[in-house]
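Good morning, and thank you for making time for this item. I would ask you to keep the structure on the screen while I speak.

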Amino acid sequence: MTQEWDAGRLNSDLDGVGFDTLAVRAGQHRTPEGEHSEALFPTSSYVFRTAGDAAARFAGEVPGNVYSRYTNPTVRAFEERIAAMEGAEQAVATASGMSAILSIVMSFCSAGDHVLVSRSVFGSTISLFEKYLKRFGVQVDYVPLADLQAWAGAFKPNTKLLFVESPSNPLAELVDIAALAKIAHEHGALLAVDNCFCTPALQQPLKLGADIVMHSATKFIDGQGRAMGGVVAGSTKLMTDVVGFLRTAGPTLSPFNAWIFLKGLETLRIRMQAHCSSALQLAQWLEQQDGIEHVYYAGLASHPQHELAARQQSAFGAVVSFEVKGGKEGAWRFIDATRVISITTNLGDTKTTIAHPATTSHGRLSPQERESAGIRDNLIRVAVGLEDVADLKADLSRGLQAL
Ligand SMILES: *Cc1c(COP(=O)(O)O)cnc(C)c1O
């Protein structure tokens, strides 16, 4: 949106530019001050020149800000930049990744509607559907992520929405997004993809046919573990509904966090490249080590969906999971022996993290549920940061020696 104060020559002409240029410049509307870096607008409300101006803005007859639960210039800059990077007509920022998911369901589903969710989604995503959305009459079934026949067989006449995470956490399973989008559309349903693990630097689900893409911006978009946020993107038609929910219910993004994410997006691709390069080196190295029973990383030729990953993503991501000898005790000894890597379940940070999924992120599941999700007691997940690979290998070697 061009503001009346838009400073013309001060702003970039971005017709036909590439991904990296969009990441650095899209969404910035400089003020007449001519600030080079994006301005931060920590304001809850806006003033009007006249009562008539206020009335026209409230009526939507003239564009302009009214209140920061509705629009804020810094938040809008972030929305425009991430929309450009995802190839979306419009993006809408939210207070967290979870509020992005809530906004999608609240915007497109009603009591009595049916949603299909991939089995291996983020733990809080399952809690949101099971503990809350079901109470309001939304029906939910879970489908094994990679199994297209299972997806096709799971539809009901009232299926409105498919929600998937590809690749999955922590085992790096994938779904063929283009094929799943086709199946969804044949049944009149929308496909939403949680693109948190890949970011638009590695995978652009809308270009593969998905209708909606969402992120926890808390992860790689910030990339430095500082701020919570989320975003939903898609066609203007769909996003108009999401905007309506957010304005009314209020889980909008703070301008300060939007400003952090704007700066995060500028380095997103080169960070993702470095994360992925180190992760691939570590996965290949781990596969050779005694004490490691199995490595899960889609960049390895041993991964059953390696070819799909190479086709659908431009690199294989930052998360490497592996099973060690010695069961749960072995896994805990391995984790406790590290001295550089942080013991935490977070990911998408410059700092490498290590976690034991069976007793943390997946600890609330019953042993049978964990078994069916493929989360064994000897599984360790590493989310690779930006330290020297040699130092990460040395730290993981301490773990290997402790097995
Ligand atoms: C972290 C995460 C979320 C939730 O995001 P928050 O910003 O923590 O609310 C959703 N999906 C995935 C894949 C995540 O990793």
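I shall go through the annotated lysine, the cysteines, the backbone of one loop, and then the helix packing.

Please bear in mind throughout that this is a predicted model.

Let me begin with Lys219. The UniProt record, an unreviewed entry, places the feature "modified residue: N6-(pyridoxal phosphate)lysine" at Lys219. Where in the fold is Lys219 placed? Lys219 belongs to the loop between β6, residues 212-216, and β7, residues 230-234. Is Lys219 buried or exposed? With a relative accessible area of 11%, Lys219 is buried, since the cut-off for that class is under 20%. Setting aside neighbours within four places in sequence, the contacts of Lys219 are Phe122, Cys196, Asn346, Leu347 and Gly348.

One of those contacts, Cys196, leads to the cysteines. A disulfide is, in general, a covalent bond between the sulfur atoms of two cysteines. How many disulfides does the count give? The count comes to 0 disulfides. For Cys196, the nearest cysteine sulfur is that of Cys198, 9.7 Å away, and Cys196 is in no disulfide. Cys198 is likewise in no disulfide, and the nearest cysteine sulfur to it, that of Cys276, is 7.7 Å away. The criterion asks for sulfur atoms within 2.5 Å, so the 9.7 Å from Cys196 to Cys198 does not meet it. Cys196 is buried at a relative accessible area of 5%, and Cys198 is buried at 1%.

I turn now to the backbone. As general background, most residues other than glycine have a negative phi, and most peptide bonds are trans. Which peptide bond leading into Pro167 is cis? It is the bond from Ser166 to Pro167, with omega near 0°. Pro167 is found in the loop between β4, residues 159-165, and α7, residues 177-186. The peptide bond from Asn169 to Pro170 is also cis, again with omega near 0°, and Pro170 lies in the loop between β4 and α7. Ala172 lies in the loop between β4 and α7 as well. Ala172 is not a glycine, yet its phi is positive, at about 55°. Ala172 is buried, with a relative accessible area of 10%.

A positive phi is also found at Thr199, where the value is near 65° in a residue other than glycine. Thr199 lies in helix α8, residues 199-202, and counts as buried at 1% relative accessibility.

Pro170 returns in the surroundings of Leu379. Leu379 is found in strand β12, residues 379-383, and is buried with a relative accessible area of 0%. Which residues does Leu379 touch, beyond those up to four places away in sequence? They are Pro170, Leu171, Tyr296, Ser321, Phe322, Glu323, Ala355, His356 and Pro357. The C-alpha atoms of Leu379 and Ile292 are separated by 9.9 Å, with these positions 87 residues apart along the chain.

His356 is also one of the residues touched by Ala331, together with Val324, Asp377, Asn378 and Ile380, when residues up to four places away in sequence are not counted. Ala331 is found in helix α13 and is buried, with a relative accessible area of 0%. By contrast with these contacts, Ala331 and Glu307 are 24 residues apart in sequence and 30 Å apart in space, C-alpha to C-alpha.

That brings me to helix α13 itself, residues 327-337, and its packing against α15. Their axes come within 7 Å and cross at roughly 145°, and the crossing is right-handed. Arg333, Phe334 and Ala337 of α13 make the contact with Leu396, Arg398, Gly399, Leu400 and Ala402 of α15. By class, that contact holds 5 nonpolar, 1 polar and 2 charged residues.

Helix α15, residues 389-402, also packs with α11, residues 268-287. Here the axes come within 11 Å and cross at roughly 35°, in a right-handed crossing. From α11, the residues involved are Ser278, Gln281, Leu282, Trp285 and Leu286. From α15, they are Val389, Leu392, Lys393, Leu396, Ser397 and Leu400. The contact of α11 with α15 divides into 7 nonpolar, 3 polar and 1 charged residues.

To close, I return to Lys219, which carries the annotation in the UniProt record and is buried in this model. Thank you for your attention.

Key. Residues are numbered from 1 along each chain as its sequence is written. This is a predicted model: local features need pLDDT of at least 70, side-chain atom pairs count only at pLDDT 80 or more; totals for chains, interfaces and linings use all residues. Side-chain values use heavy atoms; hydrogens and water are left out. Buried means under 20% relative accessible area, exposed over 50%, partly exposed in between (1.4 Å probe, protein chains only). UniProt positions are given in the numbering used here, feature names are shortened, and annotations may be inferred rather than shown by experiment. Helices (H or I, at least four residues) and strands (E, at least two) are DSSP runs, numbered from the N terminus. Contact means heavy atoms within 4.5 Å. Axes are lines fitted to C-alpha atoms, for helices over the stretch in contact, and angles run from 0 to 180 degrees between N-to-C directions. A crossing is left-handed if the near helix is turned anticlockwise from the far one by less than a right angle, and right-handed if clockwise. Ala, Val, Leu, Ile, Met, Phe, Trp, Tyr, Cys and Pro count as nonpolar, Asp, Glu, Lys and Arg as charged, and the others, Gly among them, as polar.
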